[in-house]
Amino acid sequence: MTGLNGGRCLVLGCGGVTGLAWEIGVLAGLARLGVDLAAADLFIGCSAGAVVGAQLAQGVPVAQLLARQLDDAASAEQFRPYSQQSADEKNHELYGKVGADLTLARQRVGAYALRSDTPTLAERRAIIASRLAAPDWPARPLRVVAVDTATGEGRSFGAEDGVDFVDAIAASCAVPGSWPAVPIGAATYMDGGIRSLTNADMAAGFRKVVVLAPLGYRDGNPVSGHLRQELQALRGAGGQVHAVLPDPASLQAIGDNVLDPSRRADCADAGLRQADAIAQAVRDIWR
């Protein structure tokens, strides 16, 4: 993927419903301080970030997104048992078992995703649709990342691919073992975080890149934790890059079960507060 006239790219990483809320809090806090990340030339999102990127590309004001995170009254979200620490440990173990073969590791995760007992695809599509302002691709540039369960290969979807918008977002958010994999064309796709928890490398060619990474570096997860290498590659190619990771208060709010919607308001508030400390550094990159 190449940059649009060397412009600005906002990368939105994985993080479940708690990370999603934190990203929105950060975005809203920065907007209050005059830093408008919603003015990006391209949004790249995976999993939670795919939802946030879709909402921004659809033109939903960040203040409205924040208000929704702070109000659980009309939420369609569904609790799922999950542990990010356990997922990291299992991926570390799997990586060793397959001889550090990333493709094979991702294929094994794909097989697990396909055999897992999850809510139905119809239930999941309804949840995803409830997060979006419209069921169609936005006019503004957006790419969302998912992984083919059979081949283990990552793929980014955009409007030009002719894929159903809700399906593309649902595929990007299909956490293996928690949510159903999504058939698109001849393949079936799972969470884009299986390729990378950020997929920041897809911003190659952009002059300015800001990355929101709710799950941090995750160095202990060799299947998905590639943020350090991605940032190094972007900078090595001449890009100006700033990564925003959760501060201690935000980490506590996000928690280990990132699929617990009861924590959304606390996460959004933590992101909102963290924005004060990062605003100048982000502004220096973005302006």
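Trainee: How many residues does helix α4 have, and what distance does α4 reach from its first C-alpha to its last?
Mentor: Keep in mind that we're looking at a predicted model. Helix α4 covers residues 84-97, so at 1.5 Å a residue you'd expect a span of 20 Å. The helix comes out close to that: it has 14 residues and reaches 20 Å.

Trainee: Which residues of α4 are buried, and why do they sit on the same side?
Mentor: The buried ones are Gln84, Ala87, Asp88, Asn91 and Leu94. An α-helix has 3.6 residues a turn, so residues three or four places apart point the same way. Here the buried residues share a side of α4 because they cover an arc of only 130° around the axis.

Trainee: And what do the buried residues of α4 pack against?
Mentor: Start with the other side of α4, where Lys90, Gly96 and Lys97 are exposed. The buried residues, Leu94 being one of them, pack against another helix, residues 102-115. That helix is α5.

Trainee: Which residue does glutamate 93 meet in a salt bridge?
Mentor: Think one turn along: the two partners are 4 residues apart in helix α4, which means they are separated by about one helical turn. Glutamate 93 is partly exposed, with a relative accessible area of 47%, while its partner counts as exposed at 61%. The N to O distance is 3.4 Å, and the partner is lysine 97.

Trainee: Where is the glycine that follows α4, and what is its phi?
Mentor: Go just past the helix, to glycine 99. Its phi is positive, near 65°.

Trainee: Is glutamate 23 buried or exposed, and how far away is the nearest side chain of opposite charge?
Mentor: Glutamate 23 is found in helix α1, residues 16-32, and it's buried yet has no salt bridge. Leaving aside neighbours within four places in sequence, its contacts include Leu12, Ala48, Val52 and Pro214. The nearest side chain of opposite charge is arginine 131, and a salt bridge needs the atoms within 4 Å, so this one is out of reach at 9.8 Å.

Trainee: Which residue does arginine 131 meet in a salt bridge, then?
Mentor: Arginine 131 counts as buried, at 8% relative accessibility. Its side chain meets a glutamate at 2.7 Å, N to O. The pair links distant parts of the chain, 54 residues apart: arginine 131 is in helix α6, and its partner, in the loop between α3 and α4, is glutamate 77.

Trainee: What strands does β1 pair with?
Mentor: Strand β1, residues 8-12, is mostly covered, with 4 of its 5 residues buried. It runs parallel to one strand over 5 bridges, with lysine 208 as the partner of arginine 8. It also runs parallel to another over 4 bridges, where valine 11 is partnered by isoleucine 44. Those strands are β7 and β2.

Trainee: How many residues of β7 are buried?
Mentor: Lys208, Val210 and Leu212 point one way from β7, and Val209 and Val211 the other way. β7 also pairs with β8 in the parallel sense over 5 bridges, and valine 209 stands opposite valine 241 there. Both sets of side chains are buried, so the count for β7 is 5 of its 5 residues.

Trainee: How many salt bridges does the structure hold?
Mentor: One of them joins arginine 143 and glutamate 160, with the closest N and O atoms 2.4 Å apart. Arg125, Asp164 and Asp167 are linked in a network. For the structure, the total is 11 salt bridges.

Methods: Residues numbered from 1 in each chain as written. Predicted model: local features only at pLDDT ≥ 70, side-chain atom pairs only at ≥ 80, totals over all residues. Heavy atoms only, no water. Helix = DSSP H or I, 4+ residues; strand = E, 2+ residues; numbered from the N terminus. Buried < 20%, exposed > 50% of the residue type's maximum accessible area, 1.4 Å probe, protein only. Arc of directions from axis to C-beta. Contact = heavy atoms within 4.5 Å. Lys, Arg positive; Asp, Glu negative; His and termini not counted. Pairing = 2+ DSSP bridges.
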